[in-house]
Amino acid sequence: MNKPIAGFSKLSKEEKINWIAEEYFSTPSAAIALLKNYWNTDEKIQKLHDEFIENTITNFYIPLGVAPNFLINGKYSTIPMAIEESSVVAAASKSAKFWSTRGGFKATVINTEKIGQVHFIYTGDVSKLDLFFVQNKAKFFNDTESITKNMQKRGGGILDIALKDKTNLLPNYYQLHATFETKDSMGANFINSCLEQFAKTLKEEASTYELFSTSEKDITVIMSILSNYVPNCIVRAEVSCPVEELAEKHILNPQDFAERFVQAVQIAEVEPFRAVTHNKGIMNGIDAVVLATGNDFRAVEAGIHAYAAKSGQYSSLSHAKIENGIFTFWLEIPLALGTVGGLTSLHPLVKLSLEMLKKPSAKELMEVVAVAGLAQNFAALRSLTTTGIQDGHMKMHLNNILNQFEANDDERILIRKHFKNNAVSHSAVVEFIDNLRKKIQHK
């Protein structure tokens, strides 16, 4: 292809696929067949998926697994997890089983405040702007009543609006900084609609404000948008037990294990290179549940990583301590989630996942997601401080290697038998497969 295509979005799905196949693939028919092989046989379901985004050509599969035995606040849950990485679901399940006999997970939502901002440029006397805002603050609430009416009925709405002077960062830069309660919805559309009305009210009222000069009346709104950084929408998850109760097959000396575990967390608290990988492990659990329940994992990722750097240095999201013989492991993270609206009422597997979780409220889902992240982190740190991370991970990864080399049933039996007591690595598995096949060829 050496020129752009005009009107691609107006082509039918079939036409788009045919064009892509002809332009980019040496065997167009094979490419078309592969794309269609991933279509749902139920035309109604496929049409639903086609309309989630633009220019859809097929479905991209990610496994949906489940991690059972999660005891959260005294109740058992089976957590749905959509993820492609080997060992994540197994690790979460193992942590769930471990803590189910040691009191389970405790989770608490600390706050659910969301944030949105109107970013604008004002050139003039700041004292006049302050007075203007005080005199017109009620107007911002009044002008959004038609937008907030239904949300208020559910106990949500606009919590507060503040004027923020940011001229120390950029010349003439100010904000309307608003906080919101969106109850069981993530609230993006609600917040953005309110913000756009704030911007309209700001310009209209400023244009007729008597104390402003002509130039001061000419406020320039740059943008109106929610923030995915929600440092006051926080959930805490934790586990704790007497140190001696940590004992199990791989933890023969629980005191030594607990001390090494705490030290491993402390390293992630002070060393950003370790903290990034440490937190990535937490996000393995968080993202998987966020995706399975139809929420925006990119927004969650961005907000959580910003929170991890709130001190000025990127640091661990989780923390651990030993006090008076009690081992405690916990995390506090910002999570803006919804259980109504968006994909939650459209995607069949999202609806199934939420039903599996007994149709949680947004707060309850925050608790489940935080627990999944903590469980994942515990599993990783337990492996790192005992047997090492690669042993369990590579055994789970073995299936992917066998599929890559199209091992048959007889080969799989022999390979699994060999690696039951031998270290798994990609090169070791490939070498074993090669030797096995050479032996068969020489027979």
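**Aromatic pairs and ring contacts**

The structure holds 23 aromatic pairs, as seen in a predicted model. A good place to begin is with Phe 132 and Phe 212, whose rings form a tilted pair, with 5.3 Å from centre to centre and 40° between the planes. Phe 132 belongs to helix α5 (residues 126-143), while Phe 212 sits in the loop between α7 (188-207) and α8 (214-217), so this pair ties together parts that are 80 residues apart in sequence. Both partners can be placed by their accessibility: Phe 132 counts as buried at 1% relative accessibility, and Phe 212 counts as buried at 4%, because buried means under 20% relative accessible area.

A second pair worth a look is made by Phe 329 and Phe 378. Their ring centres are 6.3 Å apart and their planes stand at 50°, so this pair is tilted. Here, too, distant parts of the chain are linked: Phe 329 lies in strand β10 (residues 326-334) and Phe 378 in helix α13 (residues 362-384), 49 residues apart. Phe 329 counts as buried, with 0% relative accessibility, and Phe 378 is buried with a relative accessible area of 1%.

Phe 329 and Phe 378 also take part in a wider arrangement, for ring pairs link them with Phe 98, Trp 99, Phe 257, Phe 261 and Phe 327 into a cluster.

Aromatic rings meet charged side chains as well. The charged end of Lys 310 is found over the ring of Tyr 307, 4.1 Å from the ring's centre. Likewise, Lys 16 lies over the face of Phe 8, where the distance to the ring centre is 5.8 Å.

Notes: Residues numbered from 1 in each chain as written. Predicted model: local features only at pLDDT ≥ 70, side-chain atom pairs only at ≥ 80, totals over all residues. Heavy atoms only, no water. Phe/Tyr/Trp six-rings, centres within 6.5 Å; stacked < 30°, edge-to-face > 60°. Helix = DSSP H or I, 4+ residues; strand = E, 2+ residues; numbered from the N terminus. Buried < 20%, exposed > 50% of the residue type's maximum accessible area, 1.4 Å probe, protein only. Lys NZ or Arg CZ within 6 Å of the ring centre and 35° of its normal.
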